[in-house]
Amino acid sequence: MKKYFLIFAMFLLLVVMLAACAPDRDEAKEPEEAEKPESLKVWVNPVEDQKAALDEIFSKYTEETGIEIEATPMNMLDQIEALNLDGPAGNGPDLFFQPHDRIGNIILQNLATPVDLGDAEGEYSETAIEAVTFDGEIWGAPLVVETYGTFYNKDLVDEAPTTMEELMAIAEEQTDTSTDTYGFLMEAANFYFSYPFFGANGAYVFNNKGGEYDVSDIGLNNEGAVAGGELIQSWYQSGYIPVEMEADVMNGLFQDGKVATVITGPWSIPAYEEALNDSLGTAILPTVDGNKATSFVGVKSWMLSEYSDNKEWATDLMKFITNEENSTLYFEQAGELPANQAALESDAVTSNELIAPFAEQIQYGTPMPSTPEMQQVWDPINDALHFIGQGDDVQEVLDEAVQQIKDNIAALQ
């Protein structure tokens with residue numbers, strides 16, 4: 001009898017233990033099971049075309065779910081400061097919209113919570129998911145990807161250069177500084193645009209494994225970085241690019257038909273197309289020593305507020321906004337490349353001759369580091385590029401820049 005009593009007691013203990021370990025039903029709810037809110041609050045970027053596209057998407061979501069979307073236009077930078085104030089008071093949004101390179105700083109301030117995209121995770125481009133991954137967790141639903149590429153004037157060159165050798169040949173043939181005509185121009189002293197010529201040979205900013213950045217491992221003075229720096233220095237030494245070249249000057253010369261090729265982003269398409277009409281062409285970046293040029297990629301994503309009381313439905317909304325259909329709609333109305341892979345490969349994108357090369361370049365790019373320490377990189381490396389343009393020793397300049405970056409990071413700790 002005692003034996004059976006003991007077995008029964010052990011069984012009851014096991015049941016209690018399993019019940020204690022089971023997830024709380026409120027925490028494990030799926031969106032359709034969670035209590036449906038009457039509305040969700042969303043902070044959106046106050047750009048007219050973007051807001052109009054989102055309003056249409058929000059209306060579709062309301063029609064499907066009955067949930068009203070309260071959209072408040074707010075500059076992306078202002079959203080962070082406002083969330084710090086409004087979130088704890090219960091007046092913040094459920095979702096807010098941010099570029100991925102701010103994710104690390106947002107996490108430090110405890111303003112966001114990781115996002116469970118479920119099966120939808122596989123719907124986004126690998127580059128976009130990499131961009132919103134930090135410390136092994138996903139922190140946003142990507143909507144937009146952006147990078148830069150090659151623009152060329154078809155009246156001056158028959159086709160876009162596909163290799164660095166072809167680009168340098170154009171620069172050699174068509175550069176005449178006495179008449180302000182150039183074969184090739186770019187903001188070479190701006191690290192954002194110059195990174196591909198470092199990264200193509202194995203340079204990197206911070207070692208990154210699965211969204212975990214080792215900020216003590218900086219690859220901006222390794223062999224590949226030196227090769228990239230020497231390539232850029234050769235453009236100055238050959239007289240292809242003026243040392244103080246700025247965006248306004250470059251854009252003006254290109255629009256005036258005085259430059260054969262430039263490197264910049266798709267945001268320049270409207271002004272360039274107005275100036276050059278059918279003579280404007282675009283292409284991916286030329287290869288460097290046979291390697292694809294690894295441009296920096298920026299990603300804008302929806303983030304889930306730590307203070308949201310409707311996290312399940314807010315997550316459902318962000319996945320709805322960024323699905324193939326709505327990402328395509330957003331591209332067609334707002335003009336920004338979709339992070340959704342199917343939308344990125346859709347006819348809407350690939351049939352646009354000026355846009356399609358930027359969508360392809362995304363596949364070869366690398367996300368800008370999202371760790372807060374990235375802010376300590378820009379000034380030292382841009383200064384280094386300036387010194388490289390003046391003819392200083394590339395290895396010495398990059399060694400000094402990396403040491404300055406490390407000193408800057410150490411000062412924050």
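**Entry 1: the Asp180 loop**

I started at Asp180, which sits in the loop between helix H6 (164-174) and strand E9 (182-185). For helices and strands I used DSSP runs numbered from the N terminus (H or I, at least four residues, for helices; E, at least two, for strands). Asp180 is not a glycine, yet it has a positive phi of about 55°. At 38% relative accessibility I have to call Asp180 partly exposed, because buried means under 20% relative accessible area, exposed over 50%, and partly exposed in between (1.4 Å probe, protein chains only).

Note to self: this is a predicted model, where local features need pLDDT of at least 70 and side-chain atom pairs count only at pLDDT 80 or more, while totals for chains, interfaces and linings use all residues. Residues are numbered from 1 along each chain as its sequence is written, and side-chain values use heavy atoms, with hydrogens and water left out.

Then I looked up Asp135. Asp135 also has a positive phi of about 55° without being a glycine. I found Asp135 in the loop between strand E5 (133-134) and strand E6 (137-138). Its relative accessible area is 48%, so Asp135 goes down as partly exposed.

**Entry 2: confidence and overall make-up**

I checked pLDDT next, which is the predictor's confidence in each residue, from 0 to 100. The protein chain has a mean of 91, and 92% of its residues reach 70 or more. Residues 1-29 are where I would not read detail: the pLDDT there is below 50. Beyond near neighbours in sequence, that stretch has 6 contacts in the model, a contact being heavy atoms within 4.5 Å.

I counted 17 helices and 15 strands in the protein chain. Of its 413 residues, 52% are buried. Taken along the principal axes, the C-alpha atoms fill a box of roughly 100 × 45 × 40 Å. Among contacts with a separation of 6 or more, 75% come from residues 24 or more positions apart.

**Entry 3: rings**

For aromatic pairs I took rings of Phe, Tyr and Trp (its six-membered ring) with centres within 6.5 Å; planes under 30 degrees apart count as stacked, over 60 as edge-to-face and the rest as tilted. That rule gives 18 aromatic pairs. I opened Phe151 and Phe358: the ring centres are 5.5 Å apart and the planes are at 45°, so I logged the pair as tilted. Phe151 belongs to strand E8 (residues 149-153) and Phe358 to helix H15 (residues 356-362), so this pair links distant parts of the chain, 207 residues apart. Both Phe151 and Phe358 are buried.

My next pair was Phe191 with Phe198, which is edge-to-face, at 5.9 Å centre to centre and 70° between the planes. Phe191 is buried at 0% relative accessibility, and Phe198 is buried with a relative accessible area of 0%. Ring pairs join both of them into a cluster with Tyr148, Tyr192, Phe193, Tyr195, Phe296 and Trp378.

I also noted Lys292, whose charged end sits over the ring of Tyr364, 4.8 Å from the centre. The test I used was NZ of Lys or CZ of Arg within 6 Å of the ring centre and within 35 degrees of the ring normal.

**Entry 4: helix H16**

Trp378 took me to helix H16 (residues 378-389), which has 12 residues. H16 reaches 16 Å from its first C-alpha to its last, close to the 16 Å expected at 1.5 Å a residue (1.5 Å times one less than the number of residues). What does H16 bury? Its buried residues are Trp378, Pro380, Ile381, Ala384, Leu385, Ile388 and Gly389. I traced these packing against helix H7 (191-199), helix H8 (223-237), strand E14 (296-305) and helix H17 (394-412). After H16 comes Gly391, with a positive phi near 100°.

**Entry 5: Trp235 and strand E13**

I looked up Trp235 in helix H8. Its relative accessible area is 0%, so Trp235 is buried. Leaving aside neighbours within four places in sequence, I found Trp235 in contact with Met164, Met168, Phe184, Met186, Ala188, Phe197, Tyr240 and Ile241.

Last, I went back to E8, which pairs with E13 in the antiparallel sense over 4 bridges (strands pair if DSSP finds at least two bridges between them). Which residue is the bridge partner of Thr150 in E13? I wrote down Ala283. Strand E13 (residues 280-283) is covered on both faces, with Leu280 and Thr282 buried on one side and Gly281 and Ala283 buried on the other.
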